[in-house]
Amino acid sequence: MTVPKSHPRYQSLHIRERLVSGVASGIASQVGLIAHGRGEAFDYLIGERTTGSAMHATEAAVAMLASARNPVISVNGNVAALVPGEIVELGRILDAKIEINLFYRTEERVCTIANHLHEHGASEVFGEYPDPDSTLPLDHPRSLVCEEGIGSADVVLVPLEDGDRCQALVDMGKSVIAIDLNPLSRTAQTATITIVDNVVRTIPAMIKIARQMKDPPSDRLDEIVSQYDNRETLMAAIEEICGAYSEKSGEF
Ligand code: PTJ
């Protein structure tokens, strides 16, 4: 059944359908549906909108990527299913590499995602042939990386992460930008910059900011990044969730 546009929850149901067809075409894993459900619950509490703290983190994230030496956008199944064209566009504007890095890795799914990203305009996609000498200290397939990509990156954007890789990347001295609707997740707490928002809103917002920021002086970018405080921003995100929740409960 196709969800009618008049449905009060059209947007949310439409996003679900994108993920379900992503699973059907072999892009997202079945477990990705569960991860999405968890995200949906937090998004509902946030009010399905971009909060002030999320926008603040998004601006700092774009400034960090724009001033990076080797920025890399890490792509998993959910991200490839939800925002493939937007990821390619963001990579193009920021001159960032795109690397597929999967938790439930199969070579077939990596190849399907790479083809999907190429169909959406990507000229180069890393991740199909990870370097055996460039692994991350993890005992699952997220350890597999390309030296030219995540292996030598100084800044890694990890939309929708699953925890311990974020810590491993930070321990290696890399700056990590996470997009995670759960401000209490290990990833959210460990990342250098955490954007507490839905990837379907964040990546388009990053594209818009990156276009506006085109060729700013590097000292201005450094200033934006150095003034950013992730702990403070996460606290603001939690307060905004509590605020939205008490507003909602006031409706009853
Ligand atoms: O494609 P693979 O094999 O790499 O697997 C990817 C998943 C997502 C299945 C894997 O990374 C996983 O299991 O993730 P987790 O541990 O469930 O964590 C996902 C986090 O992302 C949770 O904190 C969710 O709240 C959050 N999340 C889910 N959907 C979104 C989201 N954050 C932002 N935007 C979303 N659309």
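**Exercise 1. The ligand and its contacts**

How far is an oxygen atom of the ligand from a polar backbone atom of Gly77? Describe next how the ligand is surrounded.

*Solution.* The structure is a predicted model.

Step 1. The distance between a polar backbone atom of Gly77 and an oxygen atom of the ligand is 2.8 Å. The cut-off for a polar contact is 3.5 Å between N or O atoms.

Step 2. An oxygen atom of the ligand also lies 2.8 Å from a backbone N or O atom of Tyr104. From Asp180, a polar side-chain atom comes to 2.9 Å from an oxygen atom of the ligand. The protein buries 95% of the 750 Å² that the ligand exposes when taken alone.

Step 3. The ligand is surrounded by 21 residues, of which Gly77, Phe103, Tyr104, Arg109 and Asn198 are the closest. By class, the shell divides into seven nonpolar, seven polar and seven charged residues.

Step 4. With five residues, helix 2 (residues 30-46) gives the most to this shell. The largest pocket is the space taken by the ligand.

**Exercise 2. Asn76 and its side chain**

Determine where Asn76 lies and which backbone atoms its side chain reaches.

*Solution.*

Step 1. Asn76 belongs to the loop between strand 1 (71-75) and helix 4 (77-82).

Step 2. Is Asn76 buried or exposed? Its relative accessibility is 9%, so Asn76 counts as buried, the limit for that class being under 20%.

Step 3. A polar atom of the Asn76 side chain lies 3.2 Å from the backbone nitrogen of Asn78. The side chain of Asn76 also reaches the backbone nitrogen of Val79, at 3.0 Å.

**Exercise 3. Ser74 in strand 1**

Which side chain makes a polar contact with the side chain of Ser74? Classify Ser74 by accessibility as well.

*Solution.*

Step 1. Ser74 is found in strand 1.

Step 2. The relative accessible area of Ser74 is 3%, and therefore the residue is buried.

Step 3. The partner is Arg165: the two side chains make a polar contact at 3.0 Å.

**Exercise 4. Two residues with positive phi**

Where do Glu48 and Leu160 lie, and what are their phi angles?

*Solution.*

Step 1. Glu48 is not a glycine, yet its phi is positive, at about 50°. This residue is placed in the loop between helix 2 and helix 3 (52-66). Because its relative accessibility is 33%, Glu48 counts as partly exposed.

Step 2. Leu160, which is not a glycine either, has a positive phi of about 60°. Its position is in the loop between strand 3 (155-159) and helix 7 (164-171). A relative accessibility of 24% means that Leu160 counts as partly exposed.

Step 3. The class "partly exposed" runs between the limits of 20% and 50%; the values of 33% for Glu48 and 24% for Leu160 are therefore assigned to it.

**Exercise 5. A separation across the model**

How far apart are Arg9 and Pro132 in sequence and in space?

*Solution.*

Step 1. Arg9 is located in the segment before helix 1 (10-24).

Step 2. Arg9 has a relative accessible area of 31%, so it is partly exposed.

Step 3. Between Arg9 and Pro132 the separation is 123 residues in sequence. In space, the C-alpha atoms of Arg9 and Pro132 are 46 Å apart.

Definitions and conventions
Residues numbered from 1 in each chain as written. Predicted model: local features only at pLDDT ≥ 70, side-chain atom pairs only at ≥ 80, totals over all residues. Heavy atoms only, no water. Near = heavy atom within 4 Å. Polar contact = N/O pair within 3.5 Å; in protein donor to acceptor, adjacent residues only side chain to side chain. Areas by Shrake-Rupley, 256 points an atom, 1.4 Å probe, with all protein chains shown as cover. 1 Å grid on protein atoms, 1.4 Å probe; cavity = no way out; pocket = protein on both sides within 12 Å on 5 of 7 lines; lining within 4 Å. Sits in = over half its atoms within 2 Å of the grid points. Helix = DSSP H or I, 4+ residues; strand = E, 2+ residues; numbered from the N terminus. Nonpolar A, V, L, I, M, F, W, Y, C, P; charged D, E, K, R; others polar. Buried < 20%, exposed > 50% of the residue type's maximum accessible area, 1.4 Å probe, protein only.
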